[in-house]
Amino acid sequence: MKKTYKIDVDCANCANKMEEAAKKTAGVKNATVNFMTLKMIVEFEDGADPKAVMPVVLKNCKKVEDDCEIYL
């Protein structure tokens, strides 16, 4: 399952860091961050609950870029 989320990030480098952090999160099969559109597309692993996984994605993203935001 894929879902798109609106994000708030300051630069393209920060967006890349967020993308890598999201990809390393349990339950995430793949993630893409588009800095130009300020969107994150997350593909979840089979059986993963997006409502449970996304708060962990946000937490992991904030570890690398503390002023980022993902609108769940």
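Let's start at Lys23. Lys23 is partly exposed, at a relative accessible area of 33%. Keep in mind that this is a predicted model.

What does Lys23 pair with? Lys23 makes a salt bridge with Glu19. The closest N and O atoms are 3.4 Å apart. Glu19 is buried, at 14% relative accessible area. The cut-off for buried is under 20%, so Glu19 falls inside it. Lys23, at 33%, does not, and counts as partly exposed.

Now the placement. Both residues sit in helix 1, which covers residues 12-23. Glu19 and Lys23 are 4 residues apart there, about one turn of the helix.

Lys23 has another salt bridge, this one with Glu20. Here the N to O distance is 3.9 Å. The cut-off for a salt bridge is within 4 Å, so this pair counts. Glu20 is partly exposed, with a relative accessible area of 40%. How many residues separate Lys23 and Glu20 in helix 1? They are 3 residues apart, again about one helical turn.

Next, away from the helix. Glu43 forms a salt bridge with Lys29, with the closest N and O atoms 3.9 Å apart. Which strands hold these two? Glu43 lies in strand 3, residues 39-44, and Lys29 lies in strand 2, residues 28-34. The pair therefore ties together parts that are 14 residues apart in sequence. Exposure for these two: Glu43 is partly exposed, at 22%. Lys29 is exposed, at 56% relative accessible area.

Back to the helix for a moment. Glu19, Glu20 and Lys23 are joined into one network by salt bridges that share partners. For the tally, the structure holds 4 salt bridges. I have walked you through some of them, including Lys23 with Glu19, Lys23 with Glu20, and Glu43 with Lys29.

Last topic, strand pairing. Strand 3, the one that carries Glu43, pairs with strand 1, residues 2-8. Parallel or antiparallel? Strands 1 and 3 pair in the antiparallel sense, over 5 bridges. To find the spot on screen, look for Thr4, which stands opposite Ile41 in strand 3.

Strand 1 is also joined to strand 4, residues 69-71. That takes 3 bridges, and the two strands run antiparallel. Which residue stands opposite Glu69 in strand 4? Asp8 does.

So, to recap. In helix 1, Lys23 bridges to Glu19 and to Glu20. Between strands 2 and 3, there is Lys29 with Glu43. And strand 1 pairs with strand 3 and is bridged to strand 4.

Methods: Residues numbered from 1 in each chain as written. Predicted model: local features only at pLDDT ≥ 70, side-chain atom pairs only at ≥ 80, totals over all residues. Heavy atoms only, no water. Salt bridge = Lys/Arg side-chain N within 4 Å of Asp/Glu carboxyl O. Buried < 20%, exposed > 50% of the residue type's maximum accessible area, 1.4 Å probe, protein only. Pairing = 2+ DSSP bridges.
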